[in-house]
Amino acid sequence: EEPRVAPAGTAPAPDDTLFAQILDPANRANPYPLLARLRERPVARQRDGRYAVSTHAEIRSLLFDPRLSSEDLPPSRRPHTGHVLKDWILNPIKDRVATAHRPLIFRDPPAHDALRHLVMQQFTVRRVRGTHDRVTAVVDALIERCRGRDRVCLVEDLSYPLPVAVICELLGVPEADEPQFQAWATQLSTALEPDARRDEDTRRANVASFDAIADYMKRLIAEKRRRPTDDMLSGLANHADPATPKMGDFDLISTAILLLVAGHETTVNLITNGMLTLLRHPLELERLRRDPERAPRVIEELLRYEPPVHFRTRKALGDIAIAGETIPKGAAVMLVLAAASRDPACFPDPDTFDPDRADNQHFGFGGGLHYCVGAPLARIEVEIALVRLCQRLVRPCLARDPPPYRPGAALRGPASLEITIDGIL
Ligand code: HEM
């Protein structure tokens, strides 16, 4: 058969629907071939006017570029509720009125920096390192509960309950309230998806969860003011600016919710993606089991190879000339972190899972101003979970590959991961 050759002088039209295809749940299990096609044009205007940025050099430059805003994002078509905090959940990418009360991940300098500084002060080395024994105890207790069974349902048995237990303890949420927190965190993390606000049921469920958690936090903050204890919420509540008590309360509630949401679904996905990847690479699983010192390398490579956060949205505050394109002022810019972390210009053999790779400058925790504040905590949780799972599960095997995925494209991860086992050590 004759090879099909395009007539001279006509380049194939670029596919300006690639980002829409990435959002399509049908492509959730393996979006990487689409990410590779996206990288063919580092800065690609999509049919809907959004710009997708997918290469390492371009993303790095934009993560540090003050002309990209996390705050003044393109408007959605949703009406306001008149309640500033509720509007943040419903319209996280709109609403100038609510801007002042949004959590720091949706703020620009100087407000972002001031809020971030207060949060960072609470993430002390002592406090974060101090979670080590508790994380080990929680992980071992969760694994122990699976004794006598022939399979572990990783998401519900371990990945989900662990991060919520850890963040509740750090924040100072009583243990008895943890199950409730888990439900709120799960629901609210859907608000981070670009299309979440278009779905009426999701919106309504988010409002209900939001009202409940904001109310709960208000009461807990009052309690921490009356009787401070050694936890992050007590620290934050008693640092609030007394000149603007109302502002302080709004920011406190949205910060507490952010810590819960940002630290939950992401960590769940890294643990689950971690076991999925190790079970697909049994040699690496065995090496980690024998030599837990490999864990930091394995985790950095997981953050590159199967990251929980695939993309973040920003807005161009001015025209930005980059990679032969000009992103116009006002455009939505999708920073496809997961595509950059597999950019062959930066990572030799990018589609190979190789914990021994040198100079692994992935974007698993983002970069620049908004670099993840929970990264040291997440690394501890995921390290202990993966090492203990590898050491204690006897002959673990995937029951189903690929596993079913949750619908989210920005926060991407399996809905469940069944692992058959021959026992527990
Ligand atoms: C920001 C990933 C765990 C709290 C971020 C960003 C990423 C990320 C990619 C950058 C967002 C952007 O540029 O817009 C992850 C992953 C985690 C994880 C993959 C787990 C494996 C945590 C934990 C916490 C946390 C455990 C807190 C308890 C935050 C906060 C921000 C953030 C507060 C916003 C920082 C800012 O805007 O300055 N995270 N995260 N994260 N993360 Fe994490």
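Leaving aside its neighbours within four places in sequence, which residues is His370 in contact with? In this predicted model, the answer is Ser70 and Ile105. His370 itself sits in the loop between H16 and H17. Is His370 buried, exposed or something in between? It counts as partly exposed, because it has 19 C-beta neighbours inside 10 Å, while a residue needs 20 or more to be called buried. There's also a long jump in sequence here: Leu63 is 307 residues away from His370 along the chain, yet their C-alpha atoms are separated by 8.4 Å.

Let's move on to the ligand. It is surrounded by 24 residues, and the closest are Gly263, Thr266, Gly366, Cys372 and Gly374. Two helices, H13 (245–280) and H17 (375–392), are the elements that give two or more residues to this shell. H13 provides the largest share, with 7 residues. Sorted by class, the shell around the ligand comes out as 14 nonpolar, 8 polar and 2 charged residues.

H13 turns up again when we look at the nonpolar interior. The largest nonpolar core has 73 residues, and Met275 and Leu386 are the ones with the most contacts inside it. Once more H13 gives the largest share, this time 17 residues of the core. If you set aside the neighbours within four places in sequence, Met275 is in contact with Leu154, Leu386, Leu389, Leu417 and Ile419. Apart from this core lies another one, of 31 residues, including Leu18, Ile59, Phe311 and Val333. As a rule of thumb, nonpolar side chains in soluble globular proteins tend to be buried together.

Now for the strands. A good one to start with is E5, which covers residues 312–316. Strand E5 is mostly covered, with 4 of its 5 residues buried. It pairs with E3 (residues 68–69), running antiparallel to it and joined by 2 bridges. In that pairing, Ser69 has Lys315 of E5 as its bridge partner. E5 also pairs with E8 (residues 332–335), again in the antiparallel sense, over 4 bridges. There you can find Thr313 standing opposite Met334 in E8.

Elsewhere, 3 strands make an open sheet in the order E4-E11-E10, with antiparallel pairing. E4 (151–153) and E10 (397–398) stand at the edges; each has a single partner strand, so one side of each is left without a neighbour in the sheet. Between E10 and E11 (residues 418–420), the antiparallel pairing runs over 2 bridges. Leu398 is opposite Ile419 in E11, and that Ile419 is one of the residues in contact with Met275.

One last stop is helix H2, residues 32–39. Which residues of H2 are buried? They are Leu35, Leu38 and Arg39. These three cover an arc of only 100° around the axis, which puts them on the same side of H2. The general idea behind this is simple: an α-helix has 3.6 residues a turn, so residues three or four places apart point the same way. And what do the buried residues of H2 pack against? Their packing partners are helix H1 (18–23), strand E1 (43–45), strand E2 (51–53) and helix H16 (337–340). H16 brings us back to where we began, since the loop that holds His370 lies between H16 and H17.

Conventions:
Residues numbered from 1 in each chain as written. Predicted model: local features only at pLDDT ≥ 70, side-chain atom pairs only at ≥ 80, totals over all residues. Buried ≥ 20, exposed ≤ 12 C-beta atoms within 10 Å, placed from the backbone. Pairing = 2+ DSSP bridges. Arc of directions from axis to C-beta. Contact = placed C-beta atoms within 7 Å. Near = placed C-beta within 6 Å. Nonpolar A, V, L, I, M, F, W, Y, C, P; charged D, E, K, R; others polar. Core = buried A, V, L, I, M, F, W, Y, C linked by C-beta atoms within 7 Å.
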